[in-house]
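Work through the exercises below with the sequence and the model at hand. Each task is followed by its solution in steps.

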Amino acid sequence: MAAAAVAAGPDAKIEKFRDAVAKLDEISENEKAGCISLVSRYLSGEAEQIEWSKIQTPTDEVVVPYDTLAPAPEDLDAMKALLDKLVVLKLNGGLGTTMGCTGPKSVIEVRNGFTFLDLIVIQIESLNKKYGCDVPLLLMNSFNTHDDTQKIVEKYSNSNINIHTFNQSQYPRIVTEDFLPLPSKGQSGKDGWYPPGHGDVFPSLNNSGKLDTLLSQGKEYVFVANSDNLGAIVDIKILNHLINNQNEYCMEVTPKTLADVKGGTLISYEGRVQLLEIAQVPDEHVNEFKSIEKFKIFNTNNLWVNLKAIKRLVEADALKMEIIPNPKEVDGVKVLQLETAAGAAIRFFEKAIGINGPRSRFLPVKATSDLLLVQSDLYTLVDGYVIRNPARVKPSNPSIELGPEFKKVASFLARFKSIPSIVELDSLKVSGDVSFGSGVVLKGNVTITAKSGVKLEIPDGAVLENKDINGPEDL
């Protein structure tokens, strides 16, 4: 009996896992080593518990208010010199499946027929043209998005911008029952594998050879952001601040609203700045974590990182970010994905800071309700930048809830003859089989509910202000 118990211990498990991974021909030696290291850390249970009493609110030296940053240099040559040290990297591993689209999420059309990727390229093109600089664009793909992205970037071959693509790691999913890799059990397709979260950006940048290339070109900082965050645009003030203060890492944060209570926050802990995610919070403190009073900021995942520092830490194998276990099911088999997040790396870098910036730098499109915001008159498009309409008086955007009928982009578009005017809208809640005519104006708080089996059409030119609509008779 004792022997069986010992055999199931972490050391025996990791040995079996190591042997099985060694036989997987689909991945590189670097990927095998990374995966085994992650699994060993997970099994050894080395996750440090956060001692709640040691958490301190970061000072303005650690989380710098954006308004206190020195202005960017006005001299064109100085601007060019700064920008020539920069690389822009977009996390492009996600698929558009949650919004009912096939292929990479970054090719969903956002506005005026432009996709996320189109807007990113137009922005960097205009930057390079304006300052005569050479800011390259890197796309970190996953094995899910790589082939499609390679085809898509061909259309930018005539632009004045160098586009590099590289793949993040591919790790085998782990069968929960016996802790063996799913591909070694005959699951040979894509379902046997997963990309291990965006914390993998640092080793993958190095393993792909891109990091050495960039360093040899004199590049110093990479600006990493999600490809679906339309607010993540190059900010010369931030870059200037980091170079002048030799900060190796900067996380952009922004004040929390009630919509962001689950977002990770920055804390000071044992003399270092670190990211605190809701998953790390002991149950008895979750409500406190969600309160806007104590934890006032959250991580936008706009990250600025020094390239030499990435090289140093990756080579020393020092980036041991908190592991996020993500349980899934594949064809009825319970599996585990172990992931890490790029924001959690902040505590390993020297002179790491947060910058508490405006909400405008965080405009993610995660669902069609976000698409409604950015396609409406609340925003305009200038040089690839999505800019908020100054006619909107309230600082916050309207809260929008659309029912499942609107979940997929195609159904969403089919239900609007044109996107309504929402400059004066506070909240919108739509449920049921509802469609909108053209030129509709929504103001204040509007709720539209179509009863089961009833098709409700909002007529062309309707102006709805503080209305609760449950049927055609309410229009």
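**Exercise 1: one serine**

S40 is found in helix α3 (residues 29-43). Helices here are DSSP runs of H or I with at least four residues, strands are runs of E with at least two, and both are numbered from the N terminus. The model is predicted: local features need pLDDT of at least 70, side-chain atom pairs count only at pLDDT 80 or more, and totals for chains, interfaces and linings use all residues. Residues are numbered from 1 along each chain as its sequence is written, and side-chain values use heavy atoms, with hydrogens and water left out.

Task: Classify S40 by its accessibility, and state where it lies relative to F349.

Solution.
Step 1. Buried means under 20% relative accessible area, exposed means over 50%, and partly exposed is in between (1.4 Å probe, protein chains only).
Step 2. S40 has 24% relative accessibility, so it counts as partly exposed.
Step 3. From S40 to F349 the sequence separation is 309 residues, and the C-alpha to C-alpha distance is 23 Å.

**Exercise 2: two open sheets**

Task: Give the strand order of the open sheet that contains β17, and find its edges.

Solution.
Step 1. Two strands pair if DSSP finds at least two bridges between them.
Step 2. The order is β9-β17-β16, with antiparallel pairing among the 3 strands.
Step 3. β9 (174-175) and β16 (324-330) each have a single partner strand, so both stand at the edges with one side lacking a neighbour in the sheet.
Step 4. β9 is joined to β17 (residues 333-339) by 2 bridges, and I174 stands opposite L336 in β17.

Task: Do the same for the open sheet that contains β13.

Solution.
Step 1. This sheet of 3 strands runs β1-β13-β14, again with antiparallel pairing.
Step 2. Its edges are β1 (55-56) and β14 (272-276), because each has a single partner strand.
Step 3. Strand β13 (residues 265-269) and β14 are antiparallel and share 5 bridges; T265 has L276 in β14 as its bridge partner.

**Exercise 3: the whole chain**

Task: How does the radius of gyration of the protein chain agree with that of a compact globule?

Solution.
Step 1. The radius is taken over C-alpha atoms, and the globule rule is 2.2 Å times the number of residues to the power 0.38.
Step 2. For 475 residues a compact globule would have a radius near 23 Å; the chain has 24 Å, which agrees.
Step 3. The C-alpha trace spans about 75 × 65 × 50 Å along its principal axes, and 52% of the 475 residues count as buried.
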